[in-house]
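Trainee: I'm new to this one. Could you take a close look at a single part with me, the surroundings of the ligand, and then show me what lies around it?

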Amino acid sequence: AADMGTDLQQVLISREEIESRLDDMAERIDADYAGEDLLLVGVLKGAVYVMADLSRRLRRSAPMDWMAVSSYGSGTKSSGVVRILKDLDTDLTGRHVLIVEDIIDSGLTLSWLLGNLSSRGAASVEIATLLRKPEAMKVEVDVKYVGFDIPNEFVVGYGLDYAEQYRNLPFIGLLKPEVYEN
Ligand code: PRP
Ligand code: MN
Ligand code: MG
């Protein structure tokens, strides 16, 4: 079984650093959406920790909804063709939507999601992501709130998985190379 202690190479971003950055992001979101309604949309499964820890830092009440999406075909994300596995329960007409994500890697998922949600008549659609990998991005995605820009390395924890493992690490970490080899 995956052992978070022995499989870990390095802590890249500590729990304290994440929490401090989420404080800043929440403060900006509170200010930017003051007087407006706001719907938080989390992208399952990676975004669950960011959604929980970001939303509870807001001073306002903000409803949340969830989507699950998947790439078509082989599972590589290069196509950018996305399939909806679980759609929103909420009608977006006239709503101010803030998509909450754990990471923007190639940008293909978010790029597609932005288009999809915008086409539903939302008043606005913006993105808040904890992590972004500028070197890995294949499409330009306009992101309003970014926690950390990180190097193009495979990271786990705080919602991010390797083969569904390690999501529940309370920080962002790098795995030892041998973990990928078995
Ligand atoms: C990961 C991550 C983002 C997406 C980013 O999700 O949580 O949602 O990939 O990749 P992209 O920018 O290259 O499109 P994944 O599809 O692994 O599903 P998960 O959230 O359930 O882990
Ligand atoms: Mn995801
Ligand atoms: Mg994943």
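**Around ligand 1**

Mentor: Sure, let's start with the strand that matters most for your request: β5 supplies four residues to the shell around ligand 1, the largest share. Keep in mind that this is a predicted model. In total, 16 residues surround ligand 1, and the closest are K45, G46, D105, S106 and T109. Besides β5 (96-104), the elements that give two or more residues to this shell are β2 (39-44) and α4 (108-118). What's the mix of nonpolar, polar and charged residues in the shell? There are six nonpolar, four polar and six charged ones.

Now follow β2 and β5 over to helix α3, since both strands are among the elements that cover its buried residues. Helix α3 spans residues 48-55, and its buried residues are Y49, V50, M51, L54 and S55. An α-helix has 3.6 residues a turn, so residues three or four places apart point the same way. The cover over the buried residues of α3 also includes α2 (15-32), β3 (64-71) and β6 (124-132).

One more piece to find on screen is an open sheet of three strands, ordered β1-β9-β8 with antiparallel pairing. β1 (8-13) and β8 (155-156) are at the edges with a single partner strand each, so each has one side without a neighbour in the sheet. β8 and β9 (residues 172-175) run antiparallel and are joined by two bridges. If you want a spot to zoom in on, V156 stands opposite G173 in β9.

Note on methods: Residues are numbered from 1 along each chain as its sequence is written. Chains are lettered from A and ligands numbered from 1 in the order in which they are written. This is a predicted model: local features need pLDDT of at least 70, side-chain atom pairs count only at pLDDT 80 or more; totals for chains, interfaces and linings use all residues. A residue is near a molecule or strand if its C-beta atom, placed from the backbone, lies within 6 Å of it. Ala, Val, Leu, Ile, Met, Phe, Trp, Tyr, Cys and Pro count as nonpolar, Asp, Glu, Lys and Arg as charged, and the others, Gly among them, as polar. A residue is buried if 20 or more other C-beta atoms lie within 10 Å of its own, exposed if 12 or fewer, and partly exposed in between; C-beta atoms are placed from the backbone. Two residues are in contact if their C-beta atoms, placed from the backbone, lie within 7 Å. Two strands pair if DSSP finds at least two bridges between them.
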